[in-house]
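I'm opening a fresh page for this one. I want to look at how the chain is divided up, and then at what sits around the DNA.

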Amino acid sequence: MADPCHSFPASVHPPKAGGVIAPDLLDWYDRHARRLPWRSPPGTPPPDPYRVWLSEIMLQQTTVAAAAPYFARFTARWPTVADLAATEDAELMAAWAGLGYYARARNLLACARAVMADHGGVFPATEQGLRALPGIGPYTAAAIAAIAFGQAATVVDGNVERVIARLFALDRPIAQAKPEIRDHAARLTPAVRPGDYAQAMMDLGATICTPRNPACAICPVRRACAAAATGDPARYPVRAAKPVRPHRHGIGFFAVAEDHLLLVRRPPKGLLAGMRALPVSDWGDPADAGARLAQAPLTARWTLRAPPVRHVFTHFSLDLDVAVARLDRRCALPPGGEWWPLAELDRAGLPSLFAKAARLAVTGLAVTGKDEGDDDGEQA
DNA sequence: TATTCGTGGCA
DNA sequence: TTGCCAAGAAT
C-alpha cells in the first residue's frame, strides 16, 4: 500500500496527536543510536538475521544489560543457526540458565531446527513466514522483518506502546488500547529505513520517553506529542490496577552423598520447565509449611537451614526453605534424578532460585562444625 | 481477553 | 523494603 505516513499533509491534521514523526526520529537516531552488540550502525547494511533473531528472543521482557553477556556467549558457542540447531537440549538449557522465561530456550532450539529442516537453513524474510516459527510472535516477527530484511513491518513492543500512548494521550490502559495503538503505529511507520525506524522508536522509549521522568526537553518528536502538551506526560500510559501477588512457601532438598548433589530435571511444562533443579516439595500456603518436610525425595536426616531463600516470580513470591542431608553413599535415584559433582555445581545450569538455594546450602556445608564467616547479611 | 511464565536493577 | 519494570509468546 501507499506510504501511510504521508497519506495526508501534516498541516491539515495538526500535530496535536501524532503527525509525521519518522524524519525527525530518524535524524535523531542517526546521531544518538545506541551501539549494541547485535546492531549495525544507522544507515549501514543490516546484521545477520540469525543474530537479529537471537537478540530479539533474548530481549523479550529482558533488559539490554541482562541479555548482552548471554548474546556474547551464545554467538561465540553457536556462530550460525546450523550450529545452534545441532546442539543438545541440555547444553542449550544450561546456557540459558539465569536469563529466565525458559520456554524461550526450548522454542529457540525448536525454531533453529525448523529453520534447518523446513527452510534450508535460511530464515524466512517475511513477517508471515517468521510468525509461523516457534517462539516468534507478532512483535518479534515484525522486528526481524524490519531490522534484518528491511520490510515496512509495524513493530510494536512495550516501548512503542508507551510512545504511542503519549503521542496520542490515550486515556485507556494499554491492555485495552492495543488495537488502537497498533493502528496508530502502522500509520506512523515509514516505507524508508523501516528497520532503523523501529529501532529508533525503541531507543526513544528506552532513553527519552521513559516510564518515569520522560526527558521531553530533548525529545525529537515533542512537537507531535499530545502528552507533552498536557504538561504531565508521565501520566501516560494510564496504568491498570495491579493484581495482588500471593505468597507461597516450599522446601528445596539438598542431598549430598560422596561429594555429589542430588538434582532432578523439572517437567517439560510449567514453571522452570525442563530445567535442572533441586528436588522440591509442593509450593503453597505458608500455613502448611510443617507438612512439607515429609515430601523429601529420599529418607534421610534432614536439617532445615535458615533463613529461607526469598524469590519473586512474576505472579507470586516464594520463601524456599532449604533442607540439607548428608548420605553415606549415592543411593538409588528417584525418577529423573542424577548425582551431580558438587565441585562442578556452577556448570549444572540451575535457574537463579536454585542457584541461590544451593549457595545457601553449600555455605552451610563449608562451615560444618564451625560457625564463623557467614558471608552475607543473614538475619532473623 | 486474561494468565502463566524469571530475573535483577532501581527509585 | 517494596513495587515497578524490561525489544512478549503461548495458551
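**Domains first**

I started with the domain assignment, which splits chain A of this predicted model into domain 1 (9-235) and domain 2 (247-366). I then checked the spacing: the centres of domain 1 and domain 2, over C-alpha atoms, are 37 Å apart. Domain 1 puts 8 residues into the contact and domain 2 puts in 11.

**Where they meet**

I looked up the buried area next: domain 1 and domain 2 bury about 680 Å² between them, with 60% of it on carbon and sulfur atoms. Which three residues of domain 1 supply the most of what it buries against domain 2? They are Met-93, Tyr-102 and Arg-106, with 53% of that area. I searched for salt bridges across the interface and got 0, while polar contact turned up for 1 residue pair. On the domain 1 side, helix α5 (residues 89-96) gives the largest share, 3 residues. By class, I get 6 nonpolar, 1 polar and 1 charged on that side.

**Around the DNA**

I moved on to DNA strand C and found 27 residues surrounding it, with Leu-59, Gly-135, Thr-140, Asp-157 and Asn-159 the closest. Of the strand C atoms within 4 Å of the protein, 69% are sugar or phosphate and the rest belong to bases.

What do Trp-38 and Glu-56 reach on strand C? A polar side-chain atom of Trp-38 lies 2.9 Å from a base nitrogen, and one of Glu-56 lies 3.1 Å from a base nitrogen. Gly-137 has a backbone N or O atom 2.9 Å from a phosphate oxygen of the strand. I noted α8 (138-149), α9 (158-167) and α11 (194-207) as the elements giving two or more residues to this surface. The surface near strand C has 10 nonpolar, 9 polar and 8 charged residues.

Note on methods
Residues are numbered from 1 along each chain as its sequence is written. Chains are lettered from A and ligands numbered from 1 in the order in which they are written. This is a predicted model: local features need pLDDT of at least 70, side-chain atom pairs count only at pLDDT 80 or more; totals for chains, interfaces and linings use all residues. Side-chain values use heavy atoms; hydrogens and water are left out. Domain bounds come from an automatic or database domain assignment. Contact means heavy atoms within 4.5 Å. Buried area is the accessible area (1.4 Å probe) that two parts lose on being put together, summed over both. A salt bridge is a side-chain nitrogen of Lys or Arg within 4 Å of a carboxyl oxygen of Asp or Glu. A polar contact is a pair of N or O atoms within 3.5 Å; within protein, one must be able to donate a hydrogen and the other to accept it, and residues adjacent in sequence count only if both atoms are side-chain atoms. Helices (H or I, at least four residues) and strands (E, at least two) are DSSP runs, numbered from the N terminus. Ala, Val, Leu, Ile, Met, Phe, Trp, Tyr, Cys and Pro count as nonpolar, Asp, Glu, Lys and Arg as charged, and the others, Gly among them, as polar. A residue is near a molecule or strand if one of its heavy atoms lies within 4 Å of it.
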